[in-house]
Amino acid sequence: MTDEVLSDGDQRDRFAALAKAVADHRDQLAFRQLFNHFAPRLNYWLHRRGLPNEEAEEIVQEVMTVLWHRAELYDASRSSLSTWLFRIARNRHIDLQRRLKTRIIDDAEPLLQIDDVPGMETMLESEEREAKVREALTRIPGEQMELVRASFFLGYSHSEIAACTGLPLGTVKSRIRLAFEHLRKALDGHDRLSS
């Protein structure tokens with residue numbers, strides 16, 4: 001059946017079923033059908049918002065990667081797959097715009113001027129601190145670490161994480177706060193041991 005022959009309701013149900021097949025069984029054929037349908041539409045939509053070809057394609061790839069790896073986050077009772085994918089694309093587009101704005105740096109900015117190169121001792125202290133942080137991060141419980149990763153490493157807002165995971169916004173915030181408490185306690189323990 002082609003997309004044009006199906007009614008809107010039938011098409012929505014078909015896409016939801018294909019997304020479920022991807023989530024439950026990593027069904028490559030289902031994913032390919034979704035990719036072939038949505039990738040060109042997402043690309044066109046991003047072009048209409050003024051994105052150059054490479055950036056639009058990059059966002060489309062990110063959105064489809066989210067579908068492949070995180071299809072279980074899609075809830076057909078809350079929205080259509082189309083709405084979910086376009087919301088992800090919109091959020092990635094906004095993130096890209098924010099990143100581009102922060103790239104504009106004035107080289108004459110006094111805060112960016114380097115007065116002197118840090119000494120070997122400072123560099124070693126920095127490396128030790130980074131190692132402590134990495135080790136402390138391994139102690140954060142998995143569900144909290146996943147939310148920290150989404151927030152701080154992938155750049156999602158708390159509301160975006162709540163929308164993607166289906167968790168209440170308050171739960172997302174409290175789990176991230178608890179993760180930082182774990183991190184602080186782990187780092188405090190390291191500081192006491194090293195002094």
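## Exercises on a helical protein

Let's start with one residue: arginine 90 belongs to helix 4, which covers residues 81-103. Helices here are DSSP runs of H or I with at least four residues, strands are runs of E with at least two, and both are numbered from the N terminus. You are looking at a predicted model, in which local features need pLDDT of at least 70 and side-chain atom pairs count only at pLDDT 80 or more, while totals for chains, interfaces and linings use all residues. Residues are numbered from 1 along each chain as its sequence is written, and side-chain values use heavy atoms, with hydrogens and water left out.

**Exercise 1. Describe the overall make-up of the protein: how many helices and strands does it have, and what percentage of its residues is buried?**

Step 1: Count the elements. There are 8 helices and 0 strands.

Step 2: Read them in order from the N terminus, and you get α-α-α-α-α-α-α-α.

Step 3: Turn to burial. A residue is buried under 20% relative accessible area, exposed over 50%, and partly exposed in between (1.4 Å probe, protein chains only). Of the 195 residues in the protein, 31% are buried.

**Exercise 2. Work out the surroundings of arginine 90: is it buried or partly exposed, and which side chain does its own side chain contact?**

Step 1: The relative accessibility of arginine 90 is 43%, so this residue is partly exposed.

Step 2: Look for a polar contact, meaning a pair of N or O atoms within 3.5 Å; within protein, one must be able to donate a hydrogen and the other to accept it, and residues adjacent in sequence count only if both atoms are side-chain atoms. The side chain of arginine 90 makes such a contact with that of asparagine 91, at 2.9 Å.

Step 3: Now compare chain and space. Arginine 90 and valine 63 are 27 residues apart along the chain, with 9.8 Å between their C-alpha atoms.

**Exercise 3. Find the salt bridge partner of arginine 92 and say where both residues sit: which residue is it, and which helices are involved?**

Step 1: Recall the idea. Side chains of opposite charge can pair when their charged atoms come close.

Step 2: Apply the rule: a salt bridge is a side-chain nitrogen of Lys or Arg within 4 Å of a carboxyl oxygen of Asp or Glu. This rule gives 6 salt bridges. One of them joins arginine 92 to glutamate 62, with 2.9 Å from N to O.

Step 3: Place the partners. Arginine 92 is in helix 4 and glutamate 62 in helix 3 (residues 53-70), so this pair ties together parts that are 30 residues apart in sequence.

Step 4: Check their cover. Arginine 92 is buried at 13% relative accessibility, whereas glutamate 62, at 25%, is partly exposed.

**Exercise 4. Trace the salt bridges of arginine 70: which residues are linked with it in a network?**

Step 1: Arginine 70 forms a salt bridge with glutamate 72, where the closest N and O atoms are 3.9 Å apart.

Step 2: Arginine 70 also forms a salt bridge with glutamate 146, here with the closest N and O atoms 2.8 Å apart. Arginine 70 lies in helix 3 and glutamate 146 in helix 6 (residues 142-153), so the pair ties together parts that are 76 residues apart in sequence.

Step 3: Put the pieces together: Arg70, Glu72 and Glu146 are linked in a network of salt bridges.

Step 4: Check accessibility. Arginine 70 is partly exposed at 27%, glutamate 72 is partly exposed at 45%, and glutamate 146 is partly exposed at 35%.

**Exercise 5. Find a nonpolar patch on the surface: which residues make it?**

Step 1: Learn the rule. Patches are made of residues with over 30% relative accessible area and no salt bridge; nonpolar side chains (Val, Leu, Ile, Met, Phe, Trp, Tyr) are joined within 5 Å and like charges within 9 Å. Accessible areas come from the Shrake-Rupley method with a 1.4 Å probe; for residues, only the protein chains shown count as cover.

Step 2: Phe152, Phe153, Leu154 and Phe180 make a nonpolar surface patch of about 440 Å².

Step 3: Zoom in on one member. Leucine 154 sits in the loop between helix 6 and helix 7 (158-165), and leucine 154 is exposed, with a relative accessible area of 54%.
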